[in-house]
Amino acid sequence: MDTTDAGAPLLSDRVKISGNVVPMTLTTGGNLRWPDRCLSIAKDVLGFTVEGSRIKINAVIESGPGICCPGNVGASMRKNFTFEPLSEDSIRLWNQRLQSVIDSLGRPKRLLVLLNPYGGSRSAPKVFSDDVKPLLEDANIHYTLQETKYRLHAKEVAHSLDLLRYDGVLCVSGDGILVEVVNGLLEREDWSSAIKMPLGVIPAGTSNGMAKSLLDSVGESCTAFNATLAIIRGHKRSLDVATVLQGQKKYFSVLMLAWGLIADIDIESEKYRWMGSARMDFYAIQRIFCLRKYHGCIKFVAAPGFENFGEPNELGGEIDELNSNWVMQDGYCGPTFDMKGFNRKIEGPFVSIWLHNVPWGGEDVLAAPDAKFSDGYLDLIVMKDCPKMSLATLMSEMNKGGHVRSPHVLYLKVKAFALEPGPRADEPNKEGIIDVDGEVLARGRGTYKCDQKTLMTYDKLHIKVDQGLATVFSPIN
């Protein structure tokens, strides 16, 4: 570790380590140094405990050689360091100073942990016990563990949560629990303060797009260990939230909306859930070679630099109708829609429409390489037509984001978006599925499980982004 900005000594003392008396220094820059080690309190130290005359430092270090040298990269691992001050006064002083430095970092002290035991391969309980719990205990973080029992349980918990009891909510699951929590917080009467609650995500589900996006942004692998460290360290960043509106119904999205090919693969592949994550690839092949196209139209407010995408849109009289639907609703009503801004449109038929708020749609799908967490825009990926073999190649490049460079793809940023979904081009008596954050928002006639009730109908809907509305724990760059 580079200690050139270590700062002046905050506490210097002689302590006993492994039977030898050596000098130890805690600096104002937050470094703890002794002859063969230097730990950054902010990055390396989780917490400490006083055990009689000894102080045990709970830390994470890189597993490779030369841990103190800058430039080395290795997997992180837990490690304890114990030292013994030479007097009771010295013990008290070390205790006070170490705690003071840790407290100054703004780390969470009390967390609500929401765990979905049924998601993905049902690995969340093991992930928590093996990876998350030991780190939280090392960091002296008090937590309340609650398993979700049914769909939307996490939303109910967030809606009634006592905000003063916790410094954050930790979601041990795929992306679903996070989405439920955001919706629960924004549907409260005190939504403006509730949505400031920092949210953490531990990858333990089928789709871990948010955790992957956060960790990949600083070059870290998507593991529960790394995600937990990010939460413990307490660094936060803002996150855009998109409001989906249809009539008087609303839904808050933090990940993506899909219609067409991507939605069909995501939702219809559920019939092959027994295959695990391979179900997506298996069903994608089926859908590519039995390709569907959908009639419809999209309208949007393009971000600066993307105003020439699509065609000019003749403005209609939807403004008053849209905004009147937001009045007299509980919780956050979402941003005001001004249809005058929807000055661009693209007519179908479409193979796929995909909106993304963050770069990764899953651990192996870099859906929107240019997406930012809080830029106030959604990344829009449009595919109108594509030969089947080219589509197969395009889909194979999604793990590194290469699909957006295909000549068959339009890739742009939008501030607001309107979807007018239509029937399938090959079978007009059948319609499609609208997928938001991995859940079915609307099912048209003739679709997979079309008899099941959904929040919205297969009809026109509008989406607009609130820049940086939510807050998430994020790894340190």
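A residue counts as buried when its relative accessible area is under 20%, and F350, at 1% relative accessibility, is therefore buried. That cut-off comes up again below, so it is worth having in hand while going through this predicted model.

Confidence first. The chain has a mean pLDDT of 91, with 93% of its residues at 70 or more. The weak spot to flag is the stretch 65-72, where pLDDT is below 50. Even so, the model gives residues 65-72 14 contacts beyond near neighbours in sequence.

Turning to the nonpolar interior, the largest core takes in 117 residues. The members that touch the most others are V181, M210, I298, L380, M395, F417 and I434. M395 makes a handy example: leaving aside residues up to four places away in sequence, M395 is in contact with L261, I262, I265, A284 and I288. There is also a second core, separate from the big one, made up of 22 residues, with V15, V22, W94 and V101 among them.

Next come the aromatic rings, which form eight pairs in total. One of these is F128 with Y143, an edge-to-face arrangement with the centres 5.6 Å apart and 75 degrees between the planes. F128 sits in helix 2 (residues 124-138) and Y143 in strand 9 (residues 142-147), so this pair links parts of the chain that are distant, 15 residues apart. The two partners fall into separate classes of accessibility: F128 is buried because its relative accessibility is 5%, while Y143, at 26%, counts as partly exposed.

W259 and F350 make another edge-to-face pair, this time with 5.9 Å between centres and 65 degrees between planes. W259 belongs to strand 14 (residues 256-260), and F350 to the loop between strand 17 (344-347) and strand 18 (352-356), so the pair ties together parts that are 91 residues apart in sequence. W259 has a relative accessible area of 1% and so is buried; F350, as noted at the start, is buried at 1% too.

Two further aromatic features round out the picture. W191, F252 and Y332 come together as one aromatic cluster. Elsewhere, a charge meets a ring: K212 lies over the face of W360, 4.5 Å from the ring centre.

Note on methods. Residues numbered from 1 in each chain as written. Predicted model: local features only at pLDDT ≥ 70, side-chain atom pairs only at ≥ 80, totals over all residues. Heavy atoms only, no water. pLDDT = per-residue confidence, 0-100. Contact = heavy atoms within 4.5 Å. Core = buried A, V, L, I, M, F, W, Y, C linked by side-chain atoms within 4.5 Å. Buried < 20%, exposed > 50% of the residue type's maximum accessible area, 1.4 Å probe, protein only. Phe/Tyr/Trp six-rings, centres within 6.5 Å; stacked < 30°, edge-to-face > 60°. Helix = DSSP H or I, 4+ residues; strand = E, 2+ residues; numbered from the N terminus. Lys NZ or Arg CZ within 6 Å of the ring centre and 35° of its normal.
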